[in-house]
Amino acid sequence: MDTRDEAREFLMSRRANLGPEQAGLAVSGPRRVAGLRRGEVAMLADVSPEYYAKIERGNLVGVSDSVLESVARALQLDDAEREHLFDLARAANGGAQPVRRRKPKTWVARDGLTRALDVIVNGPAFVRNGRMDILATNALGRAFYDEVFDGPGQGNLARYCFLDERAKSFYPDWEAAADVTVAILRTEAGHDPRDKQLQDLVGELSTCSDAFRTRWGAHNVRRHGSGTKDFHHHEVGDLTLTYEGLELTAEPGLSFLIYTAESGSPSEQRLQLLASLAATVTASPSRHVLDDTTTTTKD
């Protein structure tokens, strides 16, 4: 992924999404462009039109943090979009280094991490990287995401979402789930645009899915820390679950996510049923091993 192209397309898309009325500007006469004009962004950011044009062409080398902040305010970027812009500037200025391979060639959850997963019995819990590979789960998480592992998803939530037709049943609001999935990958691309495995995944999904390709071109990014989601599991039916995401400080780039149901709710009862069903079959170990090319952590 070319950082300059990424920055140009991201800034142009944010400008196109912001109308003059939203920016507090008076409108007179017809406008030939969607959203703000370049000169209007420059005025709002208090930089010269020529300098903003240089920035929007993707040339972020040497652009100061204060100017980036001004551009972010002018374009009314949210926290995730602002961080993405700064990630792109960091990469343009040589701040992002290629991801080094871990050794040995397999990633294995630490014993402490495995135990942390195993003690969670009331909800699905799992560890994933920024490319949305599920690296480790508790028993309920494995049952919850069984379709992700036994089909085109190959243990990757993005592949499952766009390449497995069952995902459109698993996610009742599939359009929203697809939007979030692509936004997470876009955010990861900003963190490390040189991630070869991420580039390969994006290339695969762009080739195989028109829905992914369209969303990728929108350049939307987002944080994914907490919230509520609806699911339809093929074994137990509809579930409304709250999720919390935690960054693993011991392994940068990995997230620990837990889904829970409201106490006494039908969703809690269905999770308990799913746990019972999972217990009747041979349980897969929570330690899920993947080739090191699927991890994002650095030595």
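The side chain of Asn156 reaches the backbone nitrogen of Ala158 at a distance of 2.9 Å, and this contact is a convenient place to enter the structure, which is a predicted model. Asn156 belongs to the loop that runs between helix α8 (146-149) and helix α9 (157-163). Although Asn156 sits in a loop, its relative accessible area is 0%, so the residue counts as buried. Once neighbours within four places in sequence are set aside, Asn156 is in contact with Arg131, Met132, Asp133, Val148 and Leu201.

From this loop one can turn to the sheet. Strands of a sheet pair through backbone hydrogen bonds, in either the parallel or the antiparallel sense. Here five strands form an open sheet in the order β3-β2-β6-β5-β4, and the pairing is antiparallel. The edges are taken by β3 (134-137) and β4 (226-233), each of which has a single partner strand, so that one side of each is left without a neighbour in the sheet. On average, and with direction ignored, neighbouring strands of this sheet are turned by 30° against each other. At the β3 edge, that strand pairs with β2 (residues 125-129) in the antiparallel sense over three bridges, and Ile134 in β3 is the bridge partner of Arg128. Helix α6 (residues 111-118) lies across β2, β3 and β6 (254-260), and runs at about 135° to β2.

The nonpolar interior comes next. The largest nonpolar core holds 42 residues, of which Phe144, Tyr145, Tyr171 and Leu185 touch the most other members. Helix α11 (residues 174-191) supplies the largest share of this core, with eight residues. Apart from this core lies another, of 28 residues, among them Ala7, Leu18, Tyr52 and Val221. To return to Phe144, its contacts, when residues up to four places away in sequence are not counted, are Pro124, Phe170, Phe231, His233, Leu239, Leu241, Tyr259 and Leu274.

Helix α13 (residues 210-216) contains Trp216, a residue whose relative accessible area of 12% falls under the 20% limit, which is why Trp216 counts as buried. In sequence Trp216 and Ala183 are 33 residues apart, while their C-alpha atoms are 7.9 Å apart in space.

Charged pairs add another set of connections, since a search of the whole structure finds 20 salt bridges. In one of them the side chains of Arg186 and Glu6 meet, with an N to O distance of 2.3 Å. Arg186 lies in helix α11 and Glu6 in helix α1 (residues 3-16), so this pair ties together parts that are 180 residues apart in sequence. Both Arg186 and Glu6 are buried. Helix α1 also takes part in a salt bridge between Glu81 and Arg14, in which the closest N and O atoms are 2.9 Å apart. This pair, too, links distant parts of the chain, with Glu81 in helix α5 (residues 79-92) and Arg14 in helix α1, 67 residues apart. Glu81 counts as buried at 11% relative accessibility, and Arg14 counts as buried at 6%.

What of a pair that lies within a single helix? The side chains of Arg90 and Asp87 meet in a salt bridge at 3.3 Å, N to O, and because these residues are three apart in helix α5, they are separated by about one helical turn. Arg90 counts as partly exposed at 32% relative accessibility, whereas Asp87 is buried, with a relative accessible area of 12%. Elsewhere in the list of charged pairs, salt bridges that share partners join Asp5, Arg8 and Glu9 into one network.

Two backbone details deserve attention at the end. Gln76, found in the loop between α4 (65-74) and α5, has a phi near 55°, which is a positive value in a residue other than glycine. His219, in the loop between α13 and β4, has a positive phi of about 60° although it is not a glycine either. As for their surroundings, Gln76 is partly exposed, with a relative accessible area of 44%, while His219 is buried, with a relative accessible area of 3%.

Definitions and conventions. Residues numbered from 1 in each chain as written. Predicted model: local features only at pLDDT ≥ 70, side-chain atom pairs only at ≥ 80, totals over all residues. Heavy atoms only, no water. Core = buried A, V, L, I, M, F, W, Y, C linked by side-chain atoms within 4.5 Å. Buried < 20%, exposed > 50% of the residue type's maximum accessible area, 1.4 Å probe, protein only. Helix = DSSP H or I, 4+ residues; strand = E, 2+ residues; numbered from the N terminus. Contact = heavy atoms within 4.5 Å. Salt bridge = Lys/Arg side-chain N within 4 Å of Asp/Glu carboxyl O. Polar contact = N/O pair within 3.5 Å; in protein donor to acceptor, adjacent residues only side chain to side chain. Pairing = 2+ DSSP bridges. Axes fitted to C-alpha atoms, helices over the stretch in contact; angles between N-to-C directions.
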